[in-house]
Amino acid sequence: MSNRPNILLITADQWRGDCLGTVGHPVVRTPNLDAFAENATVFEQHYAATAPCSPSRASLYTGLYQMNHRVVRNGAPLDDRFDNIARAARRAGYTPTLFGYTDTSPDPRQHDPNDPALKTYEGVLPGFAVRQSLHEDDKPWLSWLTTRGYDPAEFDKIHQVEQEEDERVSLAPPRYSHDETQTAFLTNTFLTWLDEQKGEDRPWMAHVSFLRPHPPIAVPAPYNTMYDPEEGPDFAGAESAEKEASAHPVIAALQDVQRLASHIPGASGLVRDLARRDLARIRALYYGMITEVDAQLGRIFSVLDSLENTMIIFTSDHAEMMGDHWMLGKGGYYKESYHIPLVIRAPYATKGNRVTSFTSSTDVFPTLLDVLEIDPEHAPDGRSLAPFLVGTTPTVWRDAALWEFDCRELMKRCPHHFPDTSNHTPPALLVRMGADWQYVHVTDLPGILLKDAGATDIEDYSDQCQDIVCANIEALLTTRLRHNDETLARTLVWDYYGQ
């Protein structure tokens, strides 16, 4: 146990994989993560297995694709039979400690029907000890603001800002300061706890789960005006929201349900009705939120720099459309919802690695199992990233990224966009993305092939490239078969305990 490292898993909710200075973003400034990356391994083609929050975190924590863990939406329970990072850490002698949230709905079969745990999707992953919770209602943070002189009567509009004249999206700051954000609050509590670990005779494990840059989109000075909305890369997608919607029923349905109020407190209307100027202003605030989180990460990194035997993993649960394809939020099939950062620093690892192979959020759990030197209690779908950390590439590795999005809620809310599936499995979306193409399969709908995934060209190339379509259909079927549950399949009952 003494040789095992301290382990810190940091997630920053809804952080896009391209929004790091170290991977070459032309605008976003992340100086602390960039410096951290110099002594770490950066996975440049890392993808969430699914979205939104609860499903994506189920994949991160269990190493399973959605097709196996079956958490299909926020509020869908995580089957209690599955192993996870916290349970595994306990078997290895750690006390995994949570700061923030895991958005894990409990298995209702393990609870009385009257248990309040069944009233929310913001449960805690089994195995974690909670030092500081911070759910979307922000109650602990708001209580802290009260001690700093804020009026609780104004908390219902804490993220609303003054409107700018003639602007639908205001760049004004909220009433709290840059050292009073939820990120700063959570960082304070983690650093206090970290100081308490001094003198302990065993390594520690912590999960710091930051909400930002998740909406609501509001950030205090100086970050609110740090980025010029006129600067930044071009938005991906068609020239209009209407043309974008024509690409696929899933996109049309998403446009019907994406409301601006989900990102901008107090706003009205649909995201698809925004002009590019409005989206650019929202994106500038989002960039500011990223830099605000980076500043707090700098506080953590500066303390941990003196701890040699510490493994730090920085990632996100899923990404954010942020105006690309005329959408905000996450979901659907475009890579902007799934491409997320992953940067790992380990005591034994080579410094400054850059990995361009396709990696998945399902790979984090197997990697931690390697570090903990224990076996899982179910068969993960992901694979350990340990070889990449020492500068080697596995002989056999995936040649494409895979992600899923369960469409059943879209089908319920927007049935006019979908064929009659009343007698069939609810629509499930499965994407396989290679270097310059993206194949999309949706239950009961024709598959589509997009070239140069994420670019302005959204034309379906299925008819022109049948060989690529067939290869992807075969690959998806092979992948689905490969990930059948193998937990006990390779074991004979009479020699189970002899292994």
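**Salt bridges, pocket and cavities**

Student: What does Asp 80 form a salt bridge with?
Tutor: The partner of Asp 80 is Arg 87, and their closest N and O atoms are 2.7 Å apart. A salt bridge here is a side-chain nitrogen of Lys or Arg within 4 Å of a carboxyl oxygen of Asp or Glu.

Student: Is this a real structure or a guess?
Tutor: It is a predicted model, where local features need pLDDT of at least 70, side-chain atom pairs count only at pLDDT 80 or more, and totals for chains, interfaces and linings use all residues. Residues are numbered from 1 along each chain as its sequence is written, and side-chain values use heavy atoms, leaving out hydrogens and water.

Student: OK. Why do such side chains pair up?
Tutor: Opposite charges can pair when the charged atoms come close.

Student: Back to that pair. Buried or exposed, Asp 80?
Tutor: Asp 80 is partly exposed, at 27% relative accessible area. Arg 87 also counts as partly exposed, at 24%. The cut-offs are under 20% for buried and over 50% for exposed, with partly exposed in between (1.4 Å probe, protein chains only).

Student: How many salt bridges are there?
Tutor: The count comes to 29 salt bridges. One of them joins Arg 4 and Glu 373, with the closest N and O atoms 3.6 Å apart.

Student: Where do those two sit?
Tutor: Arg 4 is in the segment before β1 (6-12), and Glu 373 is in the loop between α10 (364-372) and α11 (386-389), so their bridge ties together parts that are 369 residues apart in sequence. The α and β labels are DSSP runs numbered from the N terminus: helices (H or I) of at least four residues, strands (E) of at least two.

Student: And which end is buried?
Tutor: Arg 4 is buried, at 14% relative accessibility. Glu 373 is exposed, at 60%.

Student: What about Arg 345, what does that bond to?
Tutor: Arg 345 forms a salt bridge with Asp 305, and the closest N and O atoms are 3.2 Å apart. Arg 345 lies in strand β7 (residues 342-345) and Asp 305 in the loop between α9 and β6 (310-315), so parts 40 residues apart in sequence are tied together. Arg 345 is buried at 13%, whereas Asp 305 is exposed at 52%.

Student: Which residues do shared partners join into one network?
Tutor: Asp 79, Arg 81, Asp 107, Arg 109 and Asp 485, through salt bridges.

Student: New topic. What space lies in the largest pocket?
Tutor: About 990 Å³. The pocket is lined by 39 residues, and the closest to its centre are Pro 52, Asn 74, Ser 262, Lys 330 and Arg 413.

Student: How is a pocket defined?
Tutor: On a 1 Å grid over the protein atoms alone, a pocket is an open set of points with protein on both sides within 12 Å along at least five of seven lines; in a cavity a 1.4 Å probe fits but cannot get out, and lining residues have an atom within 4 Å of a point. Points are joined across faces, edges and corners, and volume is the space filled by probe spheres set on them.

Student: Which element gives the most to the pocket lining?
Tutor: α12, with four residues. α8 (249-257), β9 (401-406) and α12 (408-413) each supply at least two.

Student: How many cavities?
Tutor: Two of 30 Å³ or more. The largest holds about 50 Å³, and its lining includes Tyr 176, Arg 212 and Glu 292. α6 (182-196) and α9 (276-304) each supply at least two residues of that lining. The second largest cavity holds about 40 Å³, with Ser 54, Val 71 and Asp 103 among the residues lining it.
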